[in-house]
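User: Hi! I'd like to go through this model with you and ask how each label is earned. Could we start with the sheets?

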Amino acid sequence: MKLLVCCLMIIVNISNNGKASIESFTPTSSGILFEDTTKNSDQSCHRPCKFNVKPRRCYYSFVIEPTIQESGRPAISINGMSPGPAINVCVNDVIVVEVKNKIPDQDETIHWHGVEQRGTPHMDGVPMVTQCPIAYGATYKYAFIASSPGTFFYHSDSVSHQSDGVYGSLIVNQPQPLEPHSSLYGYDRSTENTLLIAAVFPQLLTGNLEDASGMQPNAMTINGDEGNFKIFVMQGFAYRLRLINAIAVECPVLVRIERHEMVVIATDGRSVKPAAARTVLIYPGERMDVVVRASQETGGYWVRARGTGVCAGLVADAMLIYSGFNYTSMLHQGQNELAQDSDWSAVSGQMLESLQDVAEGPDPKTVYLGIDKNVVNFKENDVDFRYISDAIPKKPFYPASLALKESGVVQINGKSFLYPNSPMLLYPRDVKADFTCKVGEEAKNQEPQCVLTMEPEGEMLELALVNEGFGSNDSYTFHMHGLSAQIVATWQSPDGKPISREEFEKLMEDQKVVRNIRNPPVKDTFVVPNKGYTIVRIRADQAGSWLLECRACALSSLPTAVLINVPQKMPKSIIKSLAKCGNYRPPDVLLN
Ligand SMILES: *[C@@H]1O[C@H](CO)[C@@H](O)[C@H](O)[C@H]1NC(C)=O
Ligand SMILES: *[C@@H]1O[C@H](CO)[C@@H](O)[C@H](O)[C@H]1NC(C)=O
């Protein structure tokens with residue numbers, strides 16, 4: 001027995017590159033994840049949340065398959081619906097979702113966007129990082145605790161599946177007295193007042209990625225509808241609306257309501273100091289909770305979501321309808337007064353201040369992540385642009401090779417991300433050493449694409465994401481899985497000049513980088529402006545393999561991401577209970 005323990009220790013040490021500090025894996029209440037100990041599991045966990053009651057186990061079954069929607073549009077839907085079923089639970093409930101993949105020739109995983117996955121890093125839904133992809137015909141059971149209240153959503157980890165319709169809302173409520181801003185509103189109806197904003201493409205992206213011409217969205221929707229979603233209000237009362245940008249491509253969305261001001265109270269599920277806004281700007285994957293008071297005369301008012309970036313020129317409308325108003329006239333009214341507005345200057349989540357001051361510690365060392373679009377020389381026959389696995393032969397994927405040669409790909413420190421050949425979290429020793437590279441030591445790996453990883457040196461990690469802007473004029477939205485990021489600084493060059501690593505380091509040396517370390521907004525989704533930077537502080541207190549990714553960077557090219565490994569030792573019993581990757585079929589989609 002002693003011998004076994006000693007060998008395990010050595011193996012663990014090797015897999016963590018000799019670092020001795022191994023956090024033990026402690027699922028807080030793993031018992032209730034897999035057994036129903038609450039005896040009251042219920043399809044509908046939506047209920048008023050109360051103090052001192054047992055959490056419930058909330059069970060959902062998702063069947064994901066291609067369908068034709070009522071509108072006549074094809075979609076990849078969940079149980080025939082897009083968006084998929086709304087998940088509404090109370091904090092500390094256990095969410096169990098059995099996902100069956102019925103998309104022919106495609107693998108699938110579902111990511112629970114913004115959910116911390118405390119103690120369940122294998123439920124984060126990143127293929128070949130936290131789990132084996134769910135093959136066609138197979139089922140995977142997700143089970144995790146809704147440990148934090150707030151506005152979240154779920155979506156396919158695949159950008160093309162998400163764009164084709166695999167997404168839905170996930171709202172975690174808590175007892176009303178615990179809501180810090182509950183005095184600002186009378187109604188928080190998370191089922192009726194959640195707005196999922198999406199973009200649709202003229203054809204399914206799934207299976208069609210090789211035809212790059214179809215990659216521009218041609219419509220936007222709110223809760224699956226282009227102009228018919230209705231929010232009913234009573235004059236004089238205030239309502240909490242939850243806005244979710246569920247778009248997978250680079251479409252920041254502006255939202256405003258005719259003749260009504262909003263008060264932003266939360267971003268990415270976390271409370272902020274209330275901020276009045278005529279218009280809010282929500283980046284892909286970002287969420288914003290706002291309060292709207294029905295203070296105008298009885299009537300019907302348009303709520304407009306206006307696309308920017310890849311969605312420039314597209315809009316989706318919803319209706320804010322006062323009780324007693326006959327809204328049929330609105331449908332014929334044609335003219336929407338918002339169409340005339342020219343000033344759409346907006347409040348964005350990154351500009352806000354967190355409600356509570358964050359605990360200050362010693363200043364962490366800053367890690368530089370230079371982001372830019374680079375044209376890459378690559379060996380055509382030597383690279384697989386999806387994830388590499390022992391099960392599939394290497395072969396080039398042509399949309400990506402087009403991007404590499406002609407327009408370039410967005411990289412971090414000169415590297416595109418490679419999905420590991422084996423799930424990093426579960427089988428770290430199986431990940432081929434020559435596939436990986438480390439932040440700061442990128443030069444040791446000659447390939448343009450590698451499993452780019454880093455391990456935090458202390459509990460607090462500071463990342464300077466610098467969008468250098470030599471190769472592109474685009475801003476990029478990033479999403480941090482599992483861990484949350486304090487956005488301590490965001491800056492964009494006023495003179496429109498690219499910024500090099502040396503120039504950034506000079507700014508740091510000259511103390512010209514101004515940080516808000518007192519009350520920065522705490523977020524999981526944030527933008528890095530072109531020719532500028534965003535500096536985030538991440539508390540690496542949760543064991544797991546967490547992706548920091550730019551989903552929108554890579555629809556038709558290579559993934560842009562860094563994997564932050566917070567060392568852990570997954571219990572063997574958990575690994576054994578999970579499906580092996582086996583000879584799964586590679587998907588015809590890019591996993592990013
Ligand atoms: C609402 O208005 C339409 C015409 O604008 C009318 O046909 C309909 O009967 C009205 N509905 C109610 C409930 O008054
Ligand atoms: C960025 O914008 C500048 C100024 O408009 C333009 O000259 C340049 O070509 C653009 N760069 C790229 C990569 O599009």
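Analyst: Gladly! Two strands are said to pair if DSSP finds at least two bridges between them. This is a predicted model, and in it four strands form an open sheet in the order β2-β1-β4-β6, with mixed pairing.

User: What makes β2 and β6 the edges of that sheet?

Analyst: β2 (74–78) and β6 (139–145) each have a single partner strand, so one side of each lacks a neighbour in the sheet. From one strand to the next, the twist averages 20 degrees.

User: How do you know that β1 and β4 pair, and in which sense do they run?

Analyst: The cut-off is at least two bridges, and eight bridges join β1 to β4 (residues 94–101), so the two strands count as paired; they run parallel. One place to look is cysteine 58, whose bridge partner in β4 is isoleucine 95.

User: Which strands make up the open sheet of six, and which of them are at its edges?

Analyst: The order is β10-β9-β12-β17-β14-β15, again with mixed pairing. The edge strands are β10 (219–222) and β15 (270–277), each of which pairs on one side only. Here the twist averages 25 degrees from one strand to the next. Within this sheet, β14 (residues 262–267) and β17 (residues 287–293) pair in the antiparallel sense over five bridges, and alanine 266 stands opposite aspartate 289 in β17.

User: Why is β32 called mostly covered?

Analyst: Buried means under 20% relative accessible area, and seven of the seven residues of β32 (544–550) are buried. Gly544, Trp546, Leu548 and Cys550 are buried on one side, and Ser545, Leu547 and Glu549 on the other, so both faces count as covered.

User: What are the bridge counts between β32 and the strands β27 and β33?

Analyst: β27 (residues 476–480) pairs with β32 over two bridges in the antiparallel sense. The requirement is at least two, so β27 and β32 just qualify as a pair. Histidine 479 stands opposite glutamate 549 in β32. On to β33 (residues 560–566): β32 pairs with this strand over seven bridges, also antiparallel, and cysteine 550 stands opposite threonine 560 in β33.

User: Why does arginine 47 count as buried?

Analyst: Its relative accessibility is 15%. The limit for buried is under 20%, so arginine 47 meets it. This residue belongs to the loop between α2 (31–34) and β1 (57–68). Leaving out residues up to four places away in sequence, arginine 47 touches Arg56, Cys90 and Asp93.

User: What makes the link between arginine 47 and aspartate 93 a polar contact?

Analyst: Distance is one part of the test: the N or O atoms must be within 3.5 Å. The side chains of arginine 47 and aspartate 93 are joined at 2.9 Å, so the distance fits. A polar atom of the arginine 47 side chain also lies 2.6 Å from the backbone oxygen of cysteine 45.

User: What is notable about phi at asparagine 79 and lysine 531?

Analyst: Most residues other than glycine have a negative phi. Asparagine 79 has a positive phi of about 50 degrees although it is not a glycine, and phi of lysine 531 is near 55 degrees, also positive. Asparagine 79 sits in the loop between β2 and β3, while lysine 531 is in the loop between β30 (525–528) and β31 (532–539).

User: Are those two residues buried or exposed?

Analyst: Asparagine 79 is partly exposed, with a relative accessible area of 37%, because that value falls between the 20% and 50% limits. Lysine 531, at 8%, is buried.

User: How do you know that the peptide bond between serine 82 and proline 83 is cis?

Analyst: Omega is about -5 degrees for this bond, and it is assigned as cis. Most peptide bonds are trans. Proline 83 lies in the loop between β2 and β3 (87–90).

User: Finally, what surrounds ligand 2, and how much of it does the protein bury?

Analyst: Gly471, Ser472 and Asn473 surround ligand 2. One of its oxygen atoms is 2.4 Å from an N or O atom in the asparagine 473 side chain. Taken alone, ligand 2 exposes 360 Å², and the protein buries 24% of that.

Conventions:
Residues are numbered from 1 along each chain as its sequence is written. Chains are lettered from A and ligands numbered from 1 in the order in which they are written. This is a predicted model: local features need pLDDT of at least 70, side-chain atom pairs count only at pLDDT 80 or more; totals for chains, interfaces and linings use all residues. Side-chain values use heavy atoms; hydrogens and water are left out. A residue is near a molecule or strand if one of its heavy atoms lies within 4 Å of it. A polar contact is a pair of N or O atoms within 3.5 Å; within protein, one must be able to donate a hydrogen and the other to accept it, and residues adjacent in sequence count only if both atoms are side-chain atoms. Accessible areas come from the Shrake-Rupley method with a 1.4 Å probe; for residues, only the protein chains shown count as cover. Buried means under 20% relative accessible area, exposed over 50%, partly exposed in between (1.4 Å probe, protein chains only). Contact means heavy atoms within 4.5 Å. Axes are lines fitted to C-alpha atoms, for helices over the stretch in contact, and angles run from 0 to 180 degrees between N-to-C directions.
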